[in-house]
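User: Please take a close look at the aromatic residues in this structure, and at a helix contact that involves some of them. One connected account is enough.

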Amino acid sequence: MTVPAFEEYVPAIDCTCAGCAAQRRTAASALPVRYGGHPAAHGARRALVLVTAAGVVLGSGAVETASAAGATGATGDRAAEAAGAVRADADGDSPQGGPGPLRGGGASGPPSSTTTTPKLRKSSRADIINRAKKWVSAQVPYSMTKYWPDGYRQDCSGFVSMAWNLPGNEWTGSLAAFGTRIAREELQPGDILLFHNPADPSKGSHVTIFGGWTDYTHTHYTAYEQTKPHTRKKTTPMAYWTNSGNYVAYRYKGLSGGSAGSGSSVTGFPGAGKFGPGAGNAYVTRLGRMLVERGGKRFYKVGPGPGWGEADRLATQAFQRAQGWKGKEADGIPGPDTWRLLVSGTGHDIPGAGNGSGGGSGTGAGHGDSNSDSKFPGRGYFRPGQSNSHVGRLGRQLVKKGFGKYYTAGPGPRWTEADRRNVEAFQRAQGWRGGAADGYPGPETWRRLFG
């Protein structure tokens, strides 16, 4: 057995023993005293690490058994995520550093909000979400002491500071100064859900970026967050797995209207009459620019411009098909849902030519209807607003397996809450809980249904 390096050892996030739990609390309390840390925490931390590490050496049998169990079992569709990340859903274990300046190549501007609130930089909702996506794509490792090359600290509040393009690294105790408090029902992509525990900032304090509702009941949303082991985008119960009632919604004070680079302040859908043959107005121009940003550049030989053309229709249709829509829902004329996804910077981008632009998910995971049932087509097909043959086939298989009790009609090609609840029932029957049983099928759910 390899003896762990004591100075690098961090107890597993899913270990429930008293020693590991104690060290997690101590690590979280390692903030400076002025930010809520305990005065004795810093001197005791290294000794506790050594004691905990020694405990792991002596109790290695239990550790190895737990590791073996994790390696052999099907832990649901989230098996690709670290086991600790799933456990972190319940623990909310995301300690953070205090306010401070940017570090490294991104350093510029005032040091932080510890002195005065600096002038806000303008950002659109699309700008905020696109910056968040960069960290998700890079899978930035979680750390309350390290800084990414853009200068932002690699913890939850550093992540929001980056997405909001703040001039310094903030923490949960200072982020509210940069936002306006709003009701949860007013949440839109780019807003945040913030919990700051002033009595003990290192216990439970956390912040996520709201990416959009995942169902019509508004019980779950897409959260962009920095947590262990790395940045993630995850369907999350409103407002979070723990301390849900304590989270407060905020909107960035420097929010500008329009998508990135559009130069427009109008976000509401102007109506279908503004688009189509014969239309000529600023909304057509803005539509074209947003489509170009989402991968539609190849459809435009010139423009985009104010006059509606076939390029606008084809680009719009490609974007609609990238969401999994078909028929009248992908006729090339934008409706409220198309406009909302474009303005907010959410949904799937237009895939490149030859990558399934006729109806893929935009993630490279889509497949045609002729593929075998046993091959998972991709997560993008199973979300609110989606309508495709994969949803219908999933529903029929659920019924066949005895998990169709929530269907009052169908199943059919359109994804509904009944589909989600039936999938959730099937996932729970596998013994999965939490994020592994959220009702949205992944590769392991699909394999067990069709394999």
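Aromatic residues and a helix contact

Analyst: At a relative accessibility of 4%, Y247 is buried, because the cut-off for buried is under 20%. This comes from a predicted model. Y240 is buried as well, its relative accessible area being 3%. The rings of Y240 and Y247 make an aromatic pair, with 5.6 Å between the centres and 35° between the planes. That pair is classed as tilted, because planes under 30 degrees apart would count as stacked and those over 60 as edge-to-face. Across the whole structure, the search finds 18 aromatic pairs.

Further along the sequence, one aromatic cluster is made up of F376, F382, W415, Y440, W446 and F450. A charged side chain is placed against a member of this cluster: R383 lies over the face of Y440, 4.3 Å from the ring centre.

Aromatic residues also take part in a contact between two helices. Helix α7 covers residues 282–296 and helix α9 covers residues 336–344. Their axes come within 10 Å and cross at roughly 60°, and the crossing is left-handed. On the α7 side the contact is made by Y283, R286, L287, M290, L291 and R294. On the α9 side W339, L341, L342 and V343 take part. Sorted by class, the contact has 8 nonpolar residues, 2 charged residues and no polar ones. Y283 and W339 count among the nonpolar residues here, because Tyr and Trp are placed in that class. The charged residues are R286 and R294 of α7, because Arg counts as charged.

Methods. Residues numbered from 1 in each chain as written. Predicted model: local features only at pLDDT ≥ 70, side-chain atom pairs only at ≥ 80, totals over all residues. Heavy atoms only, no water. Axes fitted to C-alpha atoms, helices over the stretch in contact; angles between N-to-C directions. Helix = DSSP H or I, 4+ residues; strand = E, 2+ residues; numbered from the N terminus. Left-handed = near helix turned anticlockwise from the far one by under 90°. Contact = heavy atoms within 4.5 Å. Phe/Tyr/Trp six-rings, centres within 6.5 Å; stacked < 30°, edge-to-face > 60°. Buried < 20%, exposed > 50% of the residue type's maximum accessible area, 1.4 Å probe, protein only. Lys NZ or Arg CZ within 6 Å of the ring centre and 35° of its normal.
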